[in-house]
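Notebook open, viewer loaded. I want to jot down what I looked up, entry by entry.

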Amino acid sequence: MNDTVVLHVDATPSAPALLLRPWRSEDAPALVEVYRDPVLRRWTTSVVDDEADALRWVGTQQEAWAAGHRFAFAVLEARPGAEPGPPLGNLVLKRVSPGGPTAEVGYWTAAPARGRGVAPRALEALTGWAFDTLGPGGLRRLELLHQVDNTASCRVAEKSRYAFDRVLPATPPDYPLDGHLHARLRTAPEQPEQPGRPEQPGQLR
């Protein structure tokens with residue numbers, strides 16, 4: 001995989017088209033503005049107080065892309081005939097190991113994007129890309145974790161068909177409260193037709 005991957009999400013009657021692409025250094029000023037939101041700060045462990053912090057954060061994401069174990073995407077509003085808008089969120093595929101059967105997804109959305117269906121639509125795109133890209137090599141299950149009191153994150157998981165799996169006990173100080181573990185399994189590919197089996201009239205292929 002390389003850092004030129006771009007994922008596209010079609011517009012709906014009520015929501016704009018989105019694109020997901022790796023974070024860039026030019027995103028740093030917008031990232032600082034996003035992190036001024038106290039709600040976001042409550043749920044993230046990263047510290048982004050100024051542009052230097054933002055550049056370090058972006059650099060960490062780029063290094064992880066190069067290492068092949070973590071893939072973070074900026075979520076942007078696609079604008080036909082114009083440059084995309086500022087970052088609306090972050091989607092990440094993490095804890096990736098070559099041939100490993102399990103990886104984890106995570107996300108956050110900027111304050112202006114909440115309630116607009118950005119997170120579940122972007123998560124669906126990331127999920128499909130992860131299974132299409134890593135599934136043939138062994139990936140079978142994606143996990144999604146959130147703290148029990150993060151009800152918004154739980155709704156995103158449910159909308160994106162990440163089924164509730166179990167409650168994880170708190171492990172202070174990093175995780176002071178219990179967590180919810182959600183999971184989604186890769187759909188098995190269709191079985192190939194049996195050799196010599198005749199195609200029925202009108203059968204769709």
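My entries on strands, a helix and a surface patch follow.

**Setup.** I'm working with a predicted model, where local features need pLDDT of at least 70, side-chain atom pairs count only at pLDDT 80 or more, and totals for chains, interfaces and linings use all residues. Residues are numbered from 1 along each chain as its sequence is written, and side-chain values use heavy atoms, with hydrogens and water left out.

**Strand β8.** I looked up β8, residues 179-185 (strands are DSSP E runs of at least two residues, helices H or I runs of at least four, numbered from the N terminus). Six of its seven residues are buried, so the rest of the structure largely encloses β8. Buried means under 20% relative accessible area, exposed over 50%, and partly exposed in between (1.4 Å probe, protein chains only).

**Its partners.** I checked pairing, which takes at least two DSSP bridges between two strands. β6 (residues 141-147) runs antiparallel to β8 over seven bridges, and β7 is joined to β8, also antiparallel, by five. Histidine 180 in β8 is the bridge partner of histidine 146 and stands opposite valine 167.

**Phenylalanine 164.** I found this residue in β7 (residues 163-168). Phenylalanine 164 is partly exposed, at 48% relative accessible area.

**Helix α4.** How far apart are the end C-alpha atoms of α4? They are 24 Å apart, in agreement with the 24 Å expected for 17 residues (118-134) at 1.5 Å a residue; the expected span is 1.5 Å times one less than the number of residues. I also noted that α4 is mostly covered, with 13 of its 17 residues buried.
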